[in-house]
Amino acid sequence: IINLNIVNSINQPVINTLLVYPNPSNSHIYINMGDYSLMKNYELQILNALGQPVYYTPIEQQQYYIDLNQWGGKGTYFVRIKNSSGDTIETKKIILL
């Protein structure tokens with residue numbers, strides 16, 4: 001679970017809850033973006049343990065299916081959400097078994 005503090009279209013703070021599952025995983029993960037309309041111009045990144053991006057997408061849909069087998073290694077990865085200014089607003093760990 002990732003709880004993001006976001007400002008909505010009328011400048012009021014709201015919490016958008018994202019779900020990353022299953023974690024740990026051995027083949028794939030799903031990322032449910034909650035109310036993704038609040039995240040216009042935000043981006044989703046997944047980084048390896050060295051901080052190198054292995055996955056990137058602008059947030060434009062409700063749910064993402066990400067195949068972990070293409071990354072070539074078990075270990076710790078990080079889901080990072082960046083806002084429209086390019087600032088990291090949240091980072092969470094995922095485990096590839």
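Two strands pair if DSSP finds at least two bridges between them. Keep that in mind for the exercises below, which explore a predicted model.

**Exercise 1. Follow the first hairpin.**
Find out how many bridges join β1 to β2, and which residue of their hairpin takes a positive phi.

*Solution.*
- Step 1. Start with the pairing: β1 and β2 run antiparallel and are joined by six bridges.
- Step 2. Pick out individual partners in β2. Asn3 is bridged to Thr17, and Asn5 has Ile15 as its bridge partner.
- Step 3. Move to the turn. Five residues lie between the strands of this hairpin, and there Asn11 takes a positive phi near 60°. Asn11 has this positive phi although it is not a glycine.
- Step 4. Check its surroundings. Asn11 counts as exposed because its relative accessible area is 65%, over the 50% cut-off.

**Exercise 2. Sort the side chains of β1.**
Which residues of β1 make up its covered face, and which its uncovered one?

*Solution.*
- Step 1. Recall a general pattern: side chains in a regular strand alternate between the two faces of the sheet.
- Step 2. Apply it here. Ile2, Leu4 and Ile6 form the covered face of β1.
- Step 3. Asn3, Asn5 and Val7 form the uncovered face.

**Exercise 3. Put the strands in order.**
Work out the strand order of the two open sheets described here and name their edge strands.

*Solution.*
- Step 1. One open sheet has four strands in the order β1-β2-β3-β6, with antiparallel pairing. Its edge strands are β1 and β6, each of which pairs on one side only. From one strand to the next, the twist averages 20°.
- Step 2. Another open sheet of four strands has the order β5-β4-β7-β8, and its pairing is antiparallel. Here β5 (53–58) and β8 are the edge strands, pairing on one side only. Neighbouring strands of this sheet are turned against each other by 15° on average, direction ignored.
- Step 3. Zoom in on one edge: five bridges link β4 and β5 in the antiparallel sense. At one point, Leu47 has Pro53 of β5 as its bridge partner.

**Exercise 4. Look inside the nonpolar core.**
How many residues does the largest nonpolar core have, and which of them have the most contacts inside it?

*Solution.*
- Step 1. The core has 23 residues.
- Step 2. Those with the most contacts inside it are Ile31, Met39, Leu44, Ile46, Ile66 and Ile81.
- Step 3. Ask which strands contribute. At least two core residues come from each of β1 (2–7), β2 (13–21), β3 (28–32), β4 (43–47), β6 (63–67), β7 (75–82) and β8 (88–96).
- Step 4. Take Ile81 as an example. Beyond its neighbours within four places in sequence, Ile81 has contacts that include Leu4, Leu18, Met39, Leu44, Ile59 and Ile89.

**Exercise 5. Compare four asparagines.**
Decide whether Asn11, Asn32, Asn41 and Asn69 are buried or exposed.

*Solution.*
- Step 1. Begin with the loops. Asn11 is in the loop between β1 and β2, Asn41 in the loop between β3 and β4, and Asn69 in the loop between β6 and β7.
- Step 2. Read off their relative accessible areas: Asn11 has 65%, Asn41 has 56% and Asn69 has 53%. Values over 50% mean exposed, so Asn11, Asn41 and Asn69 are exposed.
- Step 3. Add a backbone detail. Asn41 has a positive phi of about 70°, although it is not a glycine.
- Step 4. Turn to Asn32, which lies in strand β3. Its relative accessible area is 18%, under the 20% cut-off, so Asn32 is buried.
- Step 5. See what the side chain of Asn32 reaches. It makes a polar contact of 2.8 Å with the side chain of Gln62, and reaches the backbone nitrogen of Gly34 at 2.8 Å.
- Step 6. Finish with Asn69. Leaving aside neighbours within four places in sequence, Asn69 is in contact with Asn26 and Ser27. Ser27 is 42 residues away along the chain, yet the C-alpha atoms of Asn69 and Ser27 are separated by 5.7 Å.

**Exercise 6. Locate two cis peptide bonds.**
Which residues are joined by cis peptide bonds in the loop between β2 and β3?

*Solution.*
- Step 1. Tyr21 and Pro22 are joined by a cis peptide bond with omega of about -15°. Pro22 is in the loop between β2 and β3.
- Step 2. Asn23 and Pro24 are also joined by a cis peptide bond, with omega of about 10°. Pro24 has its place in the loop between β2 and β3.

How values were computed: Residues numbered from 1 in each chain as written. Predicted model: local features only at pLDDT ≥ 70, side-chain atom pairs only at ≥ 80, totals over all residues. Heavy atoms only, no water. Core = buried A, V, L, I, M, F, W, Y, C linked by side-chain atoms within 4.5 Å. Buried < 20%, exposed > 50% of the residue type's maximum accessible area, 1.4 Å probe, protein only. Contact = heavy atoms within 4.5 Å. Axes fitted to C-alpha atoms, helices over the stretch in contact; angles between N-to-C directions. Polar contact = N/O pair within 3.5 Å; in protein donor to acceptor, adjacent residues only side chain to side chain.
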